[in-house]
Amino acid sequence: MSVTTREIAPDLDALQGAPVLVGRPDDQQITNDLFQPVWQATRRGWLALLGIAISLTGLLFFAATYTFVVGIGAWGNNIPVAWAFGIINFVWWIGIGHAGTLISAILLLFQQKWRTSINRFAEAMTLFAVMQAAMFPVLHLGRPWFAFWLFPYPSALGVWPQFKSALMWDVFAVSTYFTVSLLFWYVGLLPDLASLRDSSRSRAARIAYGIFALGWRGSARHWRHYRIAYLLLAGLATPLVLSVHTIVSFDFAISQLPGWHTTIFPPYFVAGAIFSGFAMVLTLIIPARKVFHFEHVITQRHLENMAKVLLATGLMVSYGYLVEHFIAWYSGNKLEAFAFFQTREHGPYAPVYWLMIACNVVVPQIFWWRRARRSIVLLWIASILVNVGMWTERFVIIVTSLHRDWLPSSWANYRPTWVDWSILSGTIGFFGFLFLLFLRFVPSVSASEVKELRRELEHEGHSLDAAASTHGS
Amino acid sequence: MAKTGYVLAEFEKEGGLLAAAARLRELGHRRLDIHSPVPLHGADEALGLRKSPVPLIALIAGVSGAVGGYLMQWWMNAVDFPINVGNRGLHSPPTNIPITFECGVLAASLAIVFGLFALCGFPRTHHPVFEVEGFRTASMGALWLSAEVNQGDEEAVAGELEKLGARQVSRVGANP
């Protein structure tokens, strides 16, 4: 099916916008279109990308092993900048993950129809991003082989973790978030895994998908429990996603360092997380939509709505920057003023700060214009710039706040080493590797939900027609 | 226990399927099921299914998880291994909030998912209905009705389903 949105764009109803599903394909058509990437032969482009991703993953494992052997000294961290790439990348990755939960859970509760075609994609992104994120604090432990000490288990040491520490809150928040995201994603996949089992042509695929489908028969008895379970998981995931980035922001906010010690942090971190996550969804979905010819299920409407979310969350992030500066001035605290008006704008890392302002404050403003929201190229470029901007934001928060400490005698600059850069690029590769496997082995758009969406739209169409006819008579 | 077999029937329209299920129930058949690629409105009523217990399971697990999480922190930090850090109170309710919340969410989510599996009888990768090759379409677009019947009743039920307008009817032999 190759209906492009451009063909239907000119005669749009201004209030309705582009449709969330182009045409009314029947169930068979939806199954065929959406399962096409799974059943088609392996493509050369996919293999090439997989090769790149595997090489970067190799780099990650090499750099991580090097860190294990040599120790944290292999990284650029120093005193006072003891938290550097490890935490920047942790916060960046986990923030990216948040858009997935927002799309799949919060938009489900708000009954936003446009979430249907992009939720599976975004949830997969969440899972893989959280996996990258969780790696950093563990590597940063210094002795990562004792990571299990973080969990409260009865040990011969007779010691328990200290729950007054925000770092313990992180352990619980991140592990809960990963578990719940995985369960939510898997439960959502069940009907499609059953369809894959039933549409498979080889015995091996039938057995493999059959095992993962757990015996799903689309039975009314299954659906009865399934629907409420899915809704409840969404209801739980919604406060969970807000809590996770709030807790991440507590790592900073409950300390007393100027630049960290602010009450705006929890909402501003959550907004930033959604901002960067939507940017990452756009970065990934725009090429995938093109390659797999999913233009009729991931329509102009989806992209435009995501651009609007980018604009809205971008404004919230900008408001966060503004309030931080206002409070620094209003408090009359010299150290706060020094952190916000001196080191950030004029210190050695000023270029990073101004890059952050350009990417996070200025770039999203283009989405006030419909033309920009509808330009796929502009959207894609802007989404990458936002990802860069959000990474620099975490760099600014962590490095610029730490490198000019209370005493000038303890000031020091920070420089990442090749190990830091290798681990960062390695996680991007590992993320890409997992994502490529996802695109190849699982339908990236939920066929069962699109089928349901089509029925809902048909039903609405009928009631609209009925309303119009009674109006006319 | 009497040996049972399955009768499967494919229907073209949702209405016909639901009416057929209701009719078979009237005739006294209770072990019926409807198979569809998406949840059907009215299926629960046609089969006489009661409300799902999943919300109750979630509530019990969530509350227990949260209470357990709180007690864990209190017992570990204030009772079993007290450490005086800068003379801060050993039992500190505000700092226990995040982990209490996370434990509640984790327990509720695990209970929802494993409760769902238990209620659906998962994993059960083999089931007599899979014996019918045509049943493969049930997960993709077709609407099916399945009836578990006592051995010997297959013909009567199959005939009834054909009368009710089924597009195709298949029988799965008795299984011990």
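1. Helices (H or I, at least four residues) and strands (E, at least two) are DSSP runs, numbered from the N terminus. This is a predicted model, in which local features need pLDDT of at least 70 and side-chain atom pairs count only at pLDDT 80 or more, while totals for chains, interfaces and linings use all residues. Residues are numbered from 1 along each chain as its sequence is written, and chains are lettered from A, with ligands numbered from 1, in the order in which they are written.

2. In the loop of chain A between α4 and α5 (119–140) stands A:Q111, a residue other than glycine whose phi is nonetheless positive, near 55 degrees. A:Q111 has 8 other C-beta atoms within 10 Å and is therefore exposed (buried means 20 or more other C-beta atoms within 10 Å of the residue's own, exposed 12 or fewer, and partly exposed in between, with C-beta atoms placed from the backbone).

3. A positive phi near 55 degrees is also found at A:H293, again a residue other than glycine, and A:H293 belongs to the loop between α9 (265–291) and α10 (300–330) of chain A. Because A:H293 has 15 C-beta neighbours inside 10 Å, it counts as partly exposed.

4. Two cis peptide bonds deserve a look. In chain A, such a bond joins A:I79 and A:P80, with omega about 15 degrees, and A:P80 sits in the loop between α3 (44–70) and α4 (85–109). In chain B, the bond from B:F122 to B:P123 is cis, with omega near -10 degrees, and B:P123 lies in the loop between α4 (93–120) and β3 (143–150).

5. Helix α6 (residues 166–199) of chain A packs against helix α7 (residues 203–213) of chain A at an angle of about 155 degrees, their axes being 8 Å apart. The two helices, α6(A) and α7(A), are therefore roughly antiparallel (a word used for angles over 145 degrees, whereas those under 35 are roughly parallel, 65 to 115 roughly perpendicular and the rest oblique). Among the residues that make this contact are A:L190 and A:L193 of α6(A), and A:Y209 and A:F212 of α7(A) (contact means C-beta atoms, placed from the backbone, within 7 Å).

6. Finally, the contact between the chains takes 50 residues from chain A and 51 residues from chain B. Several helices of chain A each supply at least two residues to the side that touches chain B, including α2 (27–39) and α16 (447–472), but α8(A) gives the most, with 16 residues.

How values were computed: Axes fitted to C-alpha atoms, helices over the stretch in contact; angles between N-to-C directions. Contact = placed C-beta atoms within 7 Å.
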